[in-house]
Amino acid sequence: MKRQIAAWTIAVVAVLGIAGCSSTPSADSDSSTSSESSAPAEQNTDQSVADACASVGSQISGVATELSSLDMSAAMSDPEGTVATFTETVDAIGAAAESVSNQEVKDAVTAVHEDFTSLRDLLKRVLVDQDTSAAAEASTLTTDIQESTQAFSTLCAG
């Protein structure tokens with residue numbers, strides 16, 4: 001029972017993070033993207049905030065979709081599989097951060113990545129290692145995720 005409560009606590013943290021991620025602007029929502037936005041980010045060292053946000057916006061939205069489909073009920077029967085799936089999602093956020101050359105956007109996405117990495121580690125501790133006391137960290141982590149995703153959203157909406 002404690003393990004199930006801990007899993008649901010972590011699920012709530014993930015959902016709160018999804019809310020921040022899913023509000024990021026997509027490539028279609030910004031009319032100021034340049035025609036160079038289809039070029040690889042590594043070659044575009046003068047990438048604007050708008051172009052960088054457009055570049056990672058769809059990736060972050062995809063991550064939000066993946067997180068919303070995470071089945072915490074299945075986490076109880078396959079904790080390693082759940083953590084592995086979540087790790088793929090976290091890695092996608094890291095790849096999004098690496099895909100842009102605009103330092104301001106890169107820093108914002110990296111902060112989101114770090115917070116979701118912490119959530120992945122917490123998920124592993126609770127589900128795989130069965131350390132239910134670790135779920136107490138969920139509150140602080142919720143705040144961190146909300147702050148980093150809001151900062152990213154604000155940057156990209158500006």
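In this predicted model, the side chains of R120 and D121 meet in a salt bridge, with an N to O distance of 2.9 Å. The two partners differ in their exposure class: R120 is buried, with a relative accessible area of 17%, whereas D121 is partly exposed at 36%. The assignment of R120 follows because its value falls under the 20% limit for burial. The bridge is one of five salt bridges found in a search of the whole structure.

A further salt bridge is formed by D129 with K124, the closest N and O atoms being 3.3 Å apart. Both residues fall in the intermediate exposure class: D129 is partly exposed, with a relative accessible area of 44%, and K124 counts as partly exposed at 37%. The side chains of E137 and R125 also meet in a salt bridge, at 2.8 Å from N to O. This pair links distant parts of the chain, since E137 is placed in the loop between helix 5 and helix 6 and R125 in helix 5, with their positions 12 residues apart in sequence. E137 has a relative accessibility of 38% and counts as partly exposed; R125, at 29%, is likewise partly exposed. The contacts of R125 extend beyond a single pair, as R125, D131 and E137 are linked in a network of salt bridges.

Helix 5, which carries R125, comprises 26 residues and covers residues 103-128. At 1.5 Å a residue this helix should span 38 Å, and its end C-alpha atoms are 36 Å apart, so the expected and computed values agree. At the start of helix 5, a side-chain oxygen of N102 reaches to within 3.0 Å of the backbone nitrogen of E104. At the other end, the helix is followed by Q130, a residue with a positive phi near 55°.

Aromatic pairing was examined next. A pair of aromatic rings is described by the distance of the centres and the angle of the planes. The count comes to one aromatic pair. The rings of F86 and F116 have their centres 6.5 Å apart and their planes at 35°. The pair is classed as tilted because this angle lies between the limits of 30 degrees for stacked and 60 for edge-to-face rings. F86 lies in helix 4 (residues 79-98) and F116 in helix 5, so the pair ties together parts that are 30 residues apart in sequence.

Both members of the aromatic pair, F86 and F116, are buried. For F86 the relative accessibility is 2%, and the residue therefore counts as buried. When residues up to four places away in sequence are not counted, F86 touches L67, L70, F116, L119, R120 and L123. The surroundings of F86 thus include R120, the arginine that also meets D121 in a salt bridge. Another of the residues touched by F86 is L70; F86 and L70 are 16 residues apart in sequence, and their C-alpha atoms are separated by 7.9 Å in space.

Covalent cross-linking is represented by one disulfide, found in a search of the whole structure. This disulfide is formed by C53 and C156, whose sulfur atoms are 1.9 Å apart. With -80° about the S-S bond, the link of C53 and C156 is left-handed. The pair links distant parts of the chain: C53 is located in helix 2 (residues 49-68) and C156 in helix 6 (residues 138-157), 103 residues apart. Each cysteine falls under the 20% limit and is therefore assigned as buried, with a relative accessibility of 3% for C53 and 12% for C156.

Helix 6, the location of C156, also contains S148. The relative accessible area of S148 is 8%, and this serine is accordingly buried. Leaving aside its neighbours within four places in sequence, S148 is in contact with A111, V112 and D115.

Methods. Residues are numbered from 1 along each chain as its sequence is written. This is a predicted model: local features need pLDDT of at least 70, side-chain atom pairs count only at pLDDT 80 or more; totals for chains, interfaces and linings use all residues. Side-chain values use heavy atoms; hydrogens and water are left out. Helices (H or I, at least four residues) and strands (E, at least two) are DSSP runs, numbered from the N terminus. The expected span of a helix is 1.5 Å times one less than its number of residues. A polar contact is a pair of N or O atoms within 3.5 Å; within protein, one must be able to donate a hydrogen and the other to accept it, and residues adjacent in sequence count only if both atoms are side-chain atoms. A disulfide is a pair of cysteine sulfur atoms within 2.5 Å. Buried means under 20% relative accessible area, exposed over 50%, partly exposed in between (1.4 Å probe, protein chains only). Contact means heavy atoms within 4.5 Å. Rings of Phe, Tyr and Trp (its six-membered ring) pair if their centres lie within 6.5 Å; planes under 30 degrees apart count as stacked, over 60 as edge-to-face and the rest as tilted. A salt bridge is a side-chain nitrogen of Lys or Arg within 4 Å of a carboxyl oxygen of Asp or Glu.
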